[in-house]
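Thank you all for coming. I would like to take you through one structure this morning, slowly, and I ask you to keep it on the screen while I talk.

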Amino acid sequence: MALEINAAYVQDRFGPLAVTPDQVRRVYESGPGAVITADLVSGRYRAHTPGELDPRKNTRLVVFTHQDLQHLVNKQHTLDWGRLAQDATTALLQDMHDWPYGWFTSTTVVALRAALADEGFCPHTRAYITCDEEARVHQILVFTPDPRVLMSINLPALPPGLVTCEARLMNDRYAELTCAQGPVCTDTAPDIAQELAGEARAVLKLM
């Protein structure tokens, strides 16, 4: 019998878990691009330094980012790791109902994320997937060679093969620097990621 990954299953599997103080400290000290994932295979939370997470292992869903942690630190005005871990756990519990959509994105989405990661683009926010007629992936990535540059990607979440992707380069205050739109598939993802990294380096020269 096939396993149904729904909100109830996710709640049962991950609801009893807690983010640890060591995990939030690792994310904070590792800087932009560091994340915490929910591992569907092991049923555990894992902390990853920038570039350590392989997006091809799509059983590991990004559920918390360095940017999320920075928001908590700004609210608390302290680096109390125990309290930050508690607040991070509360945030995950509030968002858990959205997680099932994130584990089932297409091979095109996985290939693009992997290619972008190879070029230094790591998650700045967790992915948001719309639940309307055409489910779409929205995510902001940070250019880890220079975190002053962010990039948003927006593309269909489920159809395999060739799809249209929109990418926007922004500064770290979310002001748009440049944008591009075009087709992407698993075969062309590496070339597109290289082009976007080149654009990021070009805009950095002007900043």
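I will go through a helix pair, then some aromatic rings, and finally a single residue.

Before that, please keep in mind that this is a predicted model, in which local features need pLDDT of at least 70 and side-chain atom pairs count only at pLDDT 80 or more, while totals for chains, interfaces and linings use all residues. Residues are numbered from 1 along each chain as its sequence is written, and side-chain values use heavy atoms, with hydrogens and water left out.

Let us begin with the helices, which, like the strands, are DSSP runs numbered from the N terminus (H or I and at least four residues for a helix, E and at least two for a strand). The contact residues here are Ala111, Leu112, Ala115 and Leu116 on the α6 side, and Ala189, Pro190, Ala193 and Leu196 on the α7 side, where contact means heavy atoms within 4.5 Å. Sorted by type, the residues of this contact are eight nonpolar, no polar and no charged, with Ala, Val, Leu, Ile, Met, Phe, Trp, Tyr, Cys and Pro counted as nonpolar, Asp, Glu, Lys and Arg as charged, and the others, Gly among them, as polar.

Now to the rings. A pair of aromatic rings is described by the distance of the centres and the angle of the planes. Rings of Phe, Tyr and Trp (its six-membered ring) pair if their centres lie within 6.5 Å, and planes under 30 degrees apart count as stacked, over 60 as edge-to-face and the rest as tilted. The structure holds six aromatic pairs. One of them, Tyr45 with Trp99, is edge-to-face, at 6.4 Å centre to centre and 80 degrees between the planes. This pair links distant parts of the chain, since Tyr45 sits in strand β2 (residues 44-48) and Trp99 in helix α5 (residues 99-102), 54 residues apart. Ring pairs also join Tyr45 and Trp99 with Phe14 and Trp103 in a cluster.

Finally, is Val163, in strand β8 (residues 163-171), buried or exposed? Val163 is buried, because its relative accessible area is 8%, and buried means under 20%, exposed over 50% and partly exposed in between (1.4 Å probe, protein chains only). Leaving aside residues up to four places away in sequence, Val163 touches Thr108, Leu155, Pro156, Gly182, Pro183 and Val184. Val163 and Val184 are 21 residues apart in sequence, and their C-alpha atoms are 5.6 Å apart in space.
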